Amino acid sequence: MADYHFVYKDVEGASTQWDDIQRKLGNLPPKPPAFKPDPFEPAPDPDSVPKDKSWIDEKTEEELEEIEDDLDDDRFLEEYRKKRLAEMREAVKISKYGSVMPISGSDFVREVSQAPQDVWVVVILYKEGFLECGLLLQCLEELAVKYPATKFVKIISTDCIPNYPDCNLPTLLVYNNGAVKANYVGLHSFGHRCTPEGVALVLCQSDPVLNDGQSGSNASVLEGVRKRFIEKVVTEHEDHDDDGSSSD
């Protein structure tokens, strides 16, 4: 006759009196805690979330375009949605620049002549190994970071203009709407000391070439350029005076 053995398993987490005694004597490990499931929380209903400015701020550009019909009854939020969309698109446009981009002769028309009408393009004609070209390039690199809505490009002089004389290097060309608006031949065009502040001031003398994408107006950008130039001159003058007094 078969011998059947039955094993009784109590409710999980429960314990018998015998088990409790054995645990007190150290013959059994501590009793594991009873399993307790996490309290049930229903998924949030997107339609129940209050629609305010913070709700719109959390949306991506695609989501803002999708909810256009949902805000027909709320003029304030609809206007704010349009404002946020415009800000996002402007930020995308600005993020395209921010450095001095190298181009070749075959790129010139696309990158410079056919640049968007509202974008100013600063082109430096240069050659490697020319000290003056290196100095101006350093200044432009700094300006490209400060004014990311202005497009800065560099091209080997003879790739742009065949047989262009080395004695004219570096040369700076300023384009807008497909046309040359200004040109500066040689480093002396930017003063006896070439600094980013001095180059910025020269570029903005007649046209709003530099654009940081944030100042809101050409006048405020120019005001900032002049202020930084004056601060630079004053700092250099004070440093010169300090050096003179220390040598005495």
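In this predicted model, leucine 172 stands opposite tyrosine 184 in β5. This pairing belongs to the contact between β4 and β5, two strands that run antiparallel and are joined by six bridges. A further partnership between the two strands sets tyrosine 175 against valine 180 of β5. The hairpin formed by β4 and β5 has two residues between the strands, and asparagine 177 lies in that loop. The phi of asparagine 177 is near 55°, a positive value in a residue other than glycine. Most residues other than glycine have a negative phi, and most peptide bonds are trans. Asparagine 177 counts as partly exposed because its relative accessibility is 48%, which falls between the limits of 20% for buried and 50% for exposed.

β4 also pairs with β2, again in the antiparallel sense and over six bridges. Here tryptophan 120 stands opposite asparagine 176 in β4. β4 is thus described by two pairings, one with β5 and one with β2.

The burial of β4 follows from its residues on both sides. Six of the six residues of β4 are buried. Thr171, Leu173 and Tyr175 point one way, while Leu172, Val174 and Asn176 point the other way. In a regular strand the side chains alternate between the two faces of the sheet. In β4, the residues pointing either way are all buried.

The segment that leads into β4 holds two backbone features that deserve attention. Proline 170 is placed in the loop between α7 (157-160) and β4, and the peptide bond from leucine 169 to proline 170 is cis, with omega near -10°. Asparagine 163 has its place in the loop between α7 and β4 as well. Asparagine 163 is not a glycine, yet its phi is positive, at about 65°. With a relative accessibility of 73%, asparagine 163 counts as exposed, because the limit for that class is over 50%.

Leucine 169 and proline 170 also take part in contacts with helix α6, where glutamate 132 lies. Not counting residues up to four places away in sequence, glutamate 132 touches Leu169, Pro170 and Leu187. The C-alpha atom of glutamate 132 is separated by 9.1 Å from that of cysteine 194, although the two residues are 62 residues apart along the chain. Glutamate 132 counts as partly exposed because its relative accessibility is 40%.

Leucine 172 leads from the sheet to the nonpolar interior. The largest nonpolar core contains 43 residues, of which Val123, Leu140, Leu172, Leu203 and Leu210 touch the most other members. Two or more residues of this core come from each of α5 (108-113), β2 (120-126), α6, β3 (151-156), β4 (171-176), β5 (179-185) and α8. Leucine 140 touches Val100, Ile124, Phe152, Leu172 and Val199, with residues up to four places away in sequence left out of account.

One of these contacts of leucine 140, Val199, is in α8, where it is buried. α8 is mostly covered, with seven of its eight residues buried. The buried residues are Pro196, Glu197, Gly198, Val199, Ala200, Val202 and Leu203.

α8 also contributes to an internal space. The model has one cavity of 30 Å³ or more, and about 40 Å³ of space lies in the largest cavity. Its lining consists of Glu142, Leu143, Lys146, Tyr147, Pro196, Glu197, Ala200, Val225 and Arg228. The elements that each give two or more residues to this lining are α6 (131-146), α8 (196-203) and α9 (218-247). By residue type, the lining of the largest cavity comprises five nonpolar residues, four charged residues and no polar ones. Pro196, Glu197 and Ala200 of α8 are buried and are among the residues that line this cavity.

These local features belong to a protein with nine helices and five strands. Along the sequence, the elements follow the pattern α-α-α-α-β-α-β-α-β-α-β-β-α-α. Of the 248 residues in the protein, 31% are buried. Among the contacts with a separation of 6 or more, 64% join residues that are 24 or more positions apart.

Methods: Residues are numbered from 1 along each chain as its sequence is written. This is a predicted model: local features need pLDDT of at least 70, side-chain atom pairs count only at pLDDT 80 or more; totals for chains, interfaces and linings use all residues. Side-chain values use heavy atoms; hydrogens and water are left out. On a 1 Å grid over the protein atoms alone, a cavity is a set of points where a 1.4 Å probe fits but cannot get out, and a pocket is an open set with protein on both sides within 12 Å along at least five of seven lines; lining residues have an atom within 4 Å of a point. Grid points are joined across faces, edges and corners, and a volume is the space filled by probe spheres set on the points. Helices (H or I, at least four residues) and strands (E, at least two) are DSSP runs, numbered from the N terminus. Ala, Val, Leu, Ile, Met, Phe, Trp, Tyr, Cys and Pro count as nonpolar, Asp, Glu, Lys and Arg as charged, and the others, Gly among them, as polar. A nonpolar core is a set of buried Ala, Val, Leu, Ile, Met, Phe, Trp, Tyr and Cys residues joined through side-chain atoms within 4.5 Å. Buried means under 20% relative accessible area, exposed over 50%, partly exposed in between (1.4 Å probe, protein chains only). Contact means heavy atoms within 4.5 Å. Two strands pair if DSSP finds at least two bridges between them.
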